[in-house]
Structure formats: structure tokens, C-alpha cells
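Trainee: Could you take me through one helix in this model, piece by piece? I'd like to see how its two sides are set up.

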Amino acid sequence: MNFLRCTDITAGDSSSSSGAIREGDCVIVYEGINTMKAVYVTAKGRFDNRFGIFNHKSWIGKPYGSKVTSDSGHGGWVMLLRPTPELWTQVLRHRTQILYLADISMIVMHLDLQPGSVVLESGTGSGSLTHSLVRAVAPRGHVHTFEFHAGRAEDATGEFKQHGLSKLVTVMQRNIEEQGFPETLHGGADAIFLDLPAPHKVVPSAAACLKPNGRFCAFSPCIEQVQRTTEALSSSGFTDVITYECLLREYDVHRGLVYTGVELERPQPKRPRRDPKPSTFAAAEQGISEQPREEASASAAEESAPTEASVKVEPPAEAATTGFSMQQGSDTSGLEEEKAGISGTGTDSSGGEGQPPAGATAEAVKPPLGAEVGKLEQQQQLTPLGVGGLGVRQALRMVHCQPAREARGHTGYLTFARKFVCG
Ligand SMILES: C[S@@+](CC[C@H](N)C(=O)[O-])C[C@H]1O[C@@H](n2cnc3c(N)ncnc32)[C@H](O)[C@@H]1O
């Protein structure tokens, strides 16, 4: 299995390191940026989706990253991606709430994990974080993960085995809040991570398990949990206690046709400057008068013409000669390009990047237009743009940036601490 291909854990396993898909492998089937599934490859297996029927048989031996077309002949396709902890977090079956990329990245960095580290984790939950912990400590380290729910502990054990991680992770069923970590682990951990309802109860046991300069982290959804944990950390001799709320703000960035909302001058074709302008100093020496104040400020204003969006404005090249008339159809290709681009930014939940679902007509699967572009098209019908120049609003193609509407909000607080050993 190849969750760890970036490390030397696969050394000696030539078929795994060659990058070819084998029977038994976990493959991430990519239909679109928001539509991926984990599939275990079997000789007789079949993957069905709206793009067709795919027999696993034809995947075996293909390199990871291959684009494969459906066996049902509709021209649909999927991509077969190599599993990674990042992808696994996006596709795993949720047995509990899980940690996502932003928190996981913070945890792995702040716990200072590296190959060879020994980590204690509780609870295991769905194993989302555990996969990243294991990859960080591979190939010589170890993750001991504790879960009190028997079914979850069993499922996690099976999954780690299936993913070829058994040598690097041990799952134990244990009530960590009541019993603490086993004494056999005292003094042996480089880092401890807790995602439990009452992490403060585990702090004394964590203190006993950490090596000198070991790192501690607890994830808690509520600030009251943070308060109790930090109190317990201080009482147990931890230092450098710090709490973060990790919020990720995603931006939609795409090139689109938009009204600027300001009156811009008709773009002029650039004329090559014949002689380099003498500098003010040189001009003074040569007796050439300085540029008049008004003219200077006008050109400065032109250079920094305010636009409503803080983005680069790119009038189409033909604007100067055609008067930038969208209704003459001079720029429809650009608009089409944007429609496709919008579906690719992740706002289109249909996922399949414009490929036809089995049996569907091209019209039926046309990606939905972004609300803004649709509105602009309507306005365009009402406001002829045949004349450029001052006083006329203009539609321009520009790179448009705005916070994504579906940004992930509060998930929890991460409290980190360090355990020094006092002489
Ligand atoms: C939110 S989940 C952890 C999710 C995990 N961090 C992930 O990314 O998939 C919390 C887990 O802690 C387990 N748990 C709760 N109390 C526990 C305890 N006292 N001892 C051990 N595990 C416990 C729960 O059964 C649950 O599976």
C-alpha cells in the first residue's frame, strides 16, 4: 500500500514504489474537486457512477494519476489518484467528527513531529488525524492511539492494516480519561495529542509520558474545555501554553466578465515612445519645462485609476478598435471560457469538469452559470456598450477575487504546551 510513498517505507517493495495500481490497493477515484471516493481494487470489482461503469480489472497495472474512460462506452472518465493522508481525510467514512486539513497542519507542525517521533493520541475516532501523524513519524517512529469505543478501535485497526500502516501505529481500546496512558509508555513520548471531551483529566498522565521538551496538544470545540485544560497544564508544570483558533478563509479567484462600477476612459492603444523622457533633473539642466501640475496629477490618477475590486483590470485587446462592443459578439469566446472556469473553481457541485454523464446530452450537463456572470449578461442586454469613453459603464474581463461563500467556520481550539524537565 502506498499512503507513505514519500518516505522510504516502501523500500524493497518494488511494485509499490513503481507507482502501478495493484489488486488490494486503495485508490482515490476523482470525479471532480469535490467528488472523490476511496475504492479498494479487486479483480472482479466494478465502480459505477453517473459517468458510466468502470471495471477495476482495467485499472490494475496502470500508473497512479491515470485518467481512465468508462467501460460502458459513454466517454465518461475518472482519475485514479494515489491515496495520501490529505485525500483520505476528504474521503473517509465518518464514524465520528473528524479533524480537517487546517487543524491537522497546525498539529503536525506545532508538535514538531519528525521521522522517528513517538506520539500518543486519544481518541482515535475515524483515524483522520492518525494517518497524518503516522506519515509524519514514518519510517522509524510510532503512533500509539487509544479509543474507548470497541467498534471504532476495531475499525481503525482494520483500516490501518489495509493501508499498510500496521508497523507504525498501534490501536488500543482504553478509557484514557479514567485510566490515563499505560505506565509502559511513561517517559517515552515526544508528543501527545488529545481529542477528548475532558482533556484536562488526562494532563497529569500526559506529563508523566512526555520526554523532556515533549509537546502537548488538545483539540476542544468549547472555550470552557480550554480553560480547564490550561489550568491543569499549569498545575502539571507545563509551560509555553498557547491556544489557537484555526480558521481557514478560502477565496474564489477567477477571470470573469464584470462591470467595474466606475467610469473608465476608453482604453487607448499603446504607442511606442520615440524618445525616452528626460528626467526632471536632466530636463531642468536642458532648460525643458517640468510637466504641468494638473497634467501630472491627471496621468498619475490614470495610472492608479480606482476600481471597485482590488484586482487587475484587463480590457480586451480589441477594445480600442471596436469600441469594446460585447453585443457584436467580439468576446463571446472569452465568456464561454469563464463559464467553464467557474465550474472548475469548486463552486460547481456537479463535479465532473464538464464531462458528460452516461447517456446525457451536452445541453443537460452544461455547468450552471455563476450568479454574477448571469446577471452581467442580463445587464449587458439592457446597457449597450457600443460606445466607450467617460460616462459609460464598461464591462471588463478581470481577475475577480472574493471570499468563498462556503468558508469553513469554527471547528475548535488547539491548545499547545511544552513540558520542560526541571533539574
Ligand atoms: C471526535 S473523535 C476523534 C476524531 C479524530 N481526531 C479524527 O480526526 O478522526 C473523539 C473520539 O474519542 C473517543 N473517546 C471519548 N472519550 C474517550 C475516552 N475517555 N477514552 C478514549 N477515547 C475516548 C470517542 O469514542 C471518539 O471516537
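Mentor: Let's go through helix H8, from its length to its surroundings. Keep in mind that this is a predicted model. H8 runs over residues 223–235, and a quick sanity check on its geometry comes out fine: at 1.5 Å a residue, its 13 residues should span 18 Å, and the end C-alpha atoms sit 19 Å apart, so the two agree.

Now for the sides. The buried residues of H8 are Gln225, Val226, Thr229, Ala232 and Leu233. They share one side of H8, because the arc they cover around the axis is only 130°. That spacing fits a general rule: an α-helix has 3.6 residues a turn, so residues three or four places apart point the same way. Turn to the other side of H8 and you find Ile223, Glu224 and Ser235, which are exposed. To call a residue buried here, 20 or more other C-beta atoms must lie within 10 Å of its own, while 12 or fewer make it exposed.

What does the buried side pack against? Its partners are one helix, H7 (203–209), and three strands: S11 (210–220), S12 (239–245) and S16 (413–419). So if you're colouring the model, pick out the buried residues of H8 along with H7, S11, S12 and S16 to see that packing.

One last thing, just past the helix: H8 is followed by Gly237, and the phi of Gly237 is positive, near 85°.

How values were computed
Residues are numbered from 1 along each chain as its sequence is written. This is a predicted model: local features need pLDDT of at least 70, side-chain atom pairs count only at pLDDT 80 or more; totals for chains, interfaces and linings use all residues. Helices (H or I, at least four residues) and strands (E, at least two) are DSSP runs, numbered from the N terminus. The expected span of a helix is 1.5 Å times one less than its number of residues. The arc is that of the directions from the helix axis to the C-beta atoms. Two residues are in contact if their C-beta atoms, placed from the backbone, lie within 7 Å.
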